[in-house]
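Visitor: Could you take me through one part of this model close up? I would like to see how a pair of neighbouring elements is arranged, and then whatever else catches your eye.

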Amino acid sequence: MNIKICLLILLPLAGVAQNTIGGAKITVPEAEVKRQSQFLTAEKERLLNHNEKALELYKKFTYDFPSVDAGWYGLARTQTALRDLPSALESIGKAVALTPNNEWYLVYQADLFEKTGRIGDAVKTYENLVKLFPNTPEFYEQLAYLSLKNEDPKRGLKALDKWEGLVGIREEIIFKRHVIFVGLGDLKKAATEYKRLADAFPNEVKYRLELAAYLDKIGDKTGARQAYEEVLRKQPENATAKMALATGESGSDAAKLQTYRALFDDPMVPIDEKVKALMPFFPKLSTADGASLQKTILELGALLEKHHADDAKAWSLSGDLFYHLNRPSEALERYRKCIQLNPTVFAVWDNTLDLLLSQGQFDEMLSTAEKAMDAFPNQPKAYYYYGIAANIKGRSADALGQLEQGLLMVSGNQALRLDMLDQIGLALMGKKDFEAAITRYQKALPLGGDQHPGILEHLGDALAITGKTTEAVEYWKKANAIRPSPALEQKIASGKM
């Protein structure tokens, strides 16, 4: 028997009580009054989050009235709140057994099945729900989700079909079907889903753009072009379509870049589209044919700066261009501007600090690295750059503290770890603690330091300073074999630093 939870005025009498319901007085047996009161007391404690107390009350209630499904449901919810999911599953199972057509019980049971990893049972529960309530779209949506989670995409597609049959073509349904077909490797059907959406909503240009982008991604250049052209018929000035069609033009790379000029000179074309168009040309700048592209691509970069001067992406991309072309001063100028506009991209800081190091601008390098550590407290490379600059500036103790802190953050980057250990050794040497430096370097050797020219050379330096010339020369020779230099040749020949 179901208990309908409502606010009743319970008037206990000797054996009976009167409740007023709908304006009429009815006589309720005292046992029924007791049962309702006991249930409502347990439910009140659950709603107040007094779950331990509610648990005891519900256990007593289900013991006294085991045939009342609502009691088992309340007990299951209380056990869930106390994270006793196995017991909650057992309790909701009893509620479902008593009232197998109660949708709330079934939904709750399916949710518990999912939480406990019993995805197959959750699927079966929702299959039961869609049979009992075939006009409830949400149940088909959840059945599709659980089917995919249960690695049964075909069952998921059937659920999505039923869902779509109830509500019509919707973006969320199409996207889910698209993802399933991609997972199944049926790229043609995946594209068809996007086309169905675009055809169903012809005035929503974004859907046709998504179709075009996907067709381009899977290599259907003809289909992509047709979709972009359809967009331009609807919106002749659509920048995304115009840029995509320009990108798809045949001919040399230099010719393609020339077709971009008018679009790059249009401030209404989104910068993201412009950046996307230029990125494929970056790797080509260092090839034999790259020289013919440099002038045009730099002109396009200048147009980015002109029309998107307040967007950090313009300065980042332009800085990257000059960085790739080995024009450090011009790259550095643009990276500084980018950081002013948006200091949240560490790659820009990384390139900036690398350029400051290569140009010997150690004062700015130190201050920039300090700002980078503030902006990215969990980025070890910022501490590394700070350590280099501090060592060069003679601030060895300061360098050592920051390098040690940064070293704690290095995980899988072995090269950076060794570079930091090298700088830690230099910081110890700067503090005149040569024996500590030797010990630190020697501990680094079996960790890969025996192949690191900096560690090998500087270990030799520390040994030479402490009078161990023969050992020093051996380490200098090992360093020179990996990275030859006139300075090392001189050390080896003279036996001195």
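Guide: Happy to. In this predicted model, helix α7 (residues 137-149) packs with helix α8 (residues 153-167) at an angle of about 165°, and their axes are 8 Å apart. Angles over 145 degrees count as roughly antiparallel, so α7 is roughly antiparallel to α8. The crossing of α7 past α8 is left-handed.

Now look at the side chains and backbone that meet there. From α7, the contact is made by P137, Y140, E141, L143, A144, S147 and L148. On the α8 side you will find P153, R155, G156, A159, L160, K162, W163, L166 and V167. Sorted by character, the residues of this contact are eleven nonpolar, two polar and three charged.

The spacing of such residues has a simple background: an α-helix has 3.6 residues a turn, so residues three or four places apart point the same way. Keep that in mind for helix α18 (residues 328-341), whose buried residues are A331, L332, R334, Y335, C338 and I339. At 1.5 Å a residue, the 14 residues of α18 should span 20 Å, and this agrees with its end C-alpha atoms being 20 Å apart.

Just a step back along the chain, the loop between α17 (312-324) and α18 holds N326. Although not a glycine, N326 has a positive phi of about 60°. N326 is exposed, with a relative accessible area of 64%.

R83 makes a nice companion: this non-glycine residue has a positive phi of about 65°. R83 sits in the loop between α3 (69-81) and α4 (85-98) and is exposed, its relative accessible area being 76%.

Conventions. Residues are numbered from 1 along each chain as its sequence is written. This is a predicted model: local features need pLDDT of at least 70, side-chain atom pairs count only at pLDDT 80 or more; totals for chains, interfaces and linings use all residues. Side-chain values use heavy atoms; hydrogens and water are left out. Helices (H or I, at least four residues) and strands (E, at least two) are DSSP runs, numbered from the N terminus. The expected span of a helix is 1.5 Å times one less than its number of residues. Buried means under 20% relative accessible area, exposed over 50%, partly exposed in between (1.4 Å probe, protein chains only). Axes are lines fitted to C-alpha atoms, for helices over the stretch in contact, and angles run from 0 to 180 degrees between N-to-C directions. Angles under 35 degrees count as roughly parallel, over 145 as roughly antiparallel, 65 to 115 as roughly perpendicular and the rest as oblique. A crossing is left-handed if the near helix is turned anticlockwise from the far one by less than a right angle, and right-handed if clockwise. Contact means heavy atoms within 4.5 Å. Ala, Val, Leu, Ile, Met, Phe, Trp, Tyr, Cys and Pro count as nonpolar, Asp, Glu, Lys and Arg as charged, and the others, Gly among them, as polar.
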